[in-house]
Amino acid sequence: MRTTTGRGRRVGTRIGGPRSAVALAVDALRLRILRGDLAPGAHIGEQSLADELGVGRATLREALRDLEHDGLVVRVPGVGTRVISLSLEDAYEIVTLREHLEDLAVDLGVPASPARVERLMAAVADLERGAADGDEASSVPDSLAFHRAFIALSGNTRLTAAFETILYPLGLLMQLNRRASSAAESLSERAARHRRLAELVRAGDPEAVRAEMSSHRTTAFLRSGELSTEELSDAAKAWVDYRTTLDTQSPTKR
């Protein structure tokens, strides 16, 4: 079996190369989850997946431990491993932390150094290439690369490390966003949103960046009905009500 990256290259499903088999297995599985090939709650059959990737079960299990650390899978003794299913409480915690970290990145990093701006613009170029290719599957991984570069504007390693703790669960929310809003926002429009934000960073105006970032953040996943509402805290309920109101006022943008 072979797959297409969306960049005009054909790649095999089986993994190989100079990196360790565990690292390659982690990359392959992470990409499948972020692309939506493995849906939230999906059971991961170890033997069949190990055979498909061309690795041993011990290697796969080590890769799954890394993915559990990333917050992408959960391992239940006697049951097996599943792709994590996020709740609305999870979404509240992830999104509010993301907002504070990105705002702090603006405070610390804008105006930004040319090298950091270049990294951000390179991420925009990837989003634009994906849009030109109609590569829906790469939309979330490319968006995560953009937001990683955005956080890196700060030059603060501890801030970057804090963002890494929510990076991949944030990717799952982005995947829900795409499913909920793909009819309202094309890949080209999505890339254009990121281009606008990056150009403001390049211009070096922190107030303009903060204003654009406020409208850039989307919570279309609230319309999906795919997130559990069990054990929702009062703070999370208030946040959901607030974001739902914004979504109603500006459904396409949000």
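Good morning. A cavity, as I shall use the word, is a set of grid points where a 1.4 Å probe fits but cannot get out, and its lining residues have an atom within 4 Å of such a point. The model before you is a predicted one, and its cavities are my main subject today.

Let me begin with the chain as a whole. The protein chain contains eleven helices and five strands. Of its 254 residues, 46% are buried. If we take the contacts between residues at least 6 apart in sequence, 71% of them join residues at least 24 apart. The accessible surface amounts to about 12200 Å², and carbon and sulfur atoms account for 52% of that area.

We now turn to the empty space inside. Rolling a probe the size of a water molecule over the atoms reveals where such space remains. How many cavities of 30 Å³ or more does the structure hold? There are four.

The largest cavity has a volume of about 130 Å³. Its lining consists of 15 residues, and those nearest the centre are Arg-98, Met-174, Asn-177, Arg-190 and Thr-218. Four helices, α4, α6, α8 and α9, each contribute at least two residues to this lining. Helix α8 provides the largest share, namely four residues. Sorted by class, the lining comprises five nonpolar, six polar and four charged residues.

The second largest cavity encloses about 70 Å³. Two or more of its lining residues come from each of α5, α6 and α9. Which helix gives the most to this lining? It is α5, with four residues. Among the residues lining this cavity are Asp-126, Asp-135, Asp-142 and Arg-190. You will recall Arg-190 from the largest cavity, where this residue is among those nearest the centre. By class, the lining of the second largest cavity has four nonpolar, three polar and four charged residues.

Finally, I would like to consider one helix, α2, which spans residues 46-53. Its buried residues are Glu-46, Leu-49, Ala-50 and Leu-53. Why do these residues line one face of the helix? Viewed down the axis of α2, they fall within an arc of 100°, so they share one face. In general, an α-helix has 3.6 residues a turn, so residues three or four places apart point the same way.

The cover over the buried residues of α2 includes the helices α1 and α3, together with the strands β3, β4 and β5. Just after α2 comes Gly-54, which adopts a positive phi of about 75°.

Thank you for your attention.

Note on methods:
Residues numbered from 1 in each chain as written. Predicted model: local features only at pLDDT ≥ 70, side-chain atom pairs only at ≥ 80, totals over all residues. Heavy atoms only, no water. 1 Å grid on protein atoms, 1.4 Å probe; cavity = no way out; pocket = protein on both sides within 12 Å on 5 of 7 lines; lining within 4 Å. Points joined across faces, edges and corners; volume = space filled by probe spheres on them. Nonpolar A, V, L, I, M, F, W, Y, C, P; charged D, E, K, R; others polar. Buried < 20%, exposed > 50% of the residue type's maximum accessible area, 1.4 Å probe, protein only. Contact = heavy atoms within 4.5 Å. Areas by Shrake-Rupley, 256 points an atom, 1.4 Å probe, with all protein chains shown as cover. Arc of directions from axis to C-beta.
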